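User: I'd like to learn how to read salt bridges in a model. Can you walk me through them?

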Amino acid sequence: MKRAVLAILCLGLGACALLQPSNPPFEAEPVQSAEQAQDEAQNTADQIRPESRPEQTIVEADATTGLLGRTVASLGNAAEPGMWLKTPLVQEQISAQVFYPATGKSVAVTLIPTDGPAQSGSRLSLQAMRALGAPLTALPEIDVSAG
């Protein structure tokens, strides 16, 4: 009886080995050293700190490119129709182009001034977000140019 139970267990374990895939479903990422992780964390912190970012308080267009600046855009009031960007990059309402590097698309919008520092971000219309191909729940970085 003991031999029969032992034989069944051996056959069962052998069958389990056959059912397991020989290749893992994914490759493990290489482990970072503590020094690499610290360097990466410092680089991320440098990007987040306001004093390490380039100044974005450009109000007048760059004479050569017309670039007013780069801003982080959130979805504005979805009930408000049109192609607009409410932004602190301007002090008066003007026509402009916004470019979303992730999709390579640009659209013409009306810039509407808002109060606050340039780093405070902007609000983009639903229609403009869709035209740029930007995810509605994301915070895309867009380039704003006069004209």
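Analyst: Sure, let's start with Arg70 and Asp143, which form a salt bridge with their closest N and O atoms 2.7 Å apart. Arg70 sits in strand E1 and Asp143 in strand E6, so this pair ties together parts 73 residues apart in sequence. Strands here are DSSP runs (E, at least two residues; helices are H or I, at least four), numbered from the N terminus. One caveat: this is a predicted model, where local features need pLDDT of at least 70, side-chain atom pairs count only at pLDDT 80 or more, and totals for chains, interfaces and linings use all residues. Residues are numbered from 1 along each chain as its sequence is written, and side-chain values use heavy atoms, with hydrogens and water left out.

User: What is a salt bridge, and how many does the count come to?

Analyst: In general, side chains of opposite charge can pair when their charged atoms come close. The rule asks for a side-chain nitrogen of Lys or Arg within 4 Å of a carboxyl oxygen of Asp or Glu. That gives three salt bridges. One of them joins Glu141 and Arg70 at 3.8 Å, N to O. Another pairs Glu80 with Lys86 at 3.1 Å. Through shared partners, Arg70, Glu141 and Asp143 end up in one network.

User: Is Asp143 buried or exposed?

Analyst: Buried means under 20% relative accessible area, exposed over 50%, and partly exposed in between (1.4 Å probe, protein chains only). Asp143 has 15%, so it's buried. Arg70, at 35%, is partly exposed, and so is Glu141 at 42%. As for the other pair, Lys86 is buried at 19%, while Glu80 is partly exposed at 27%.
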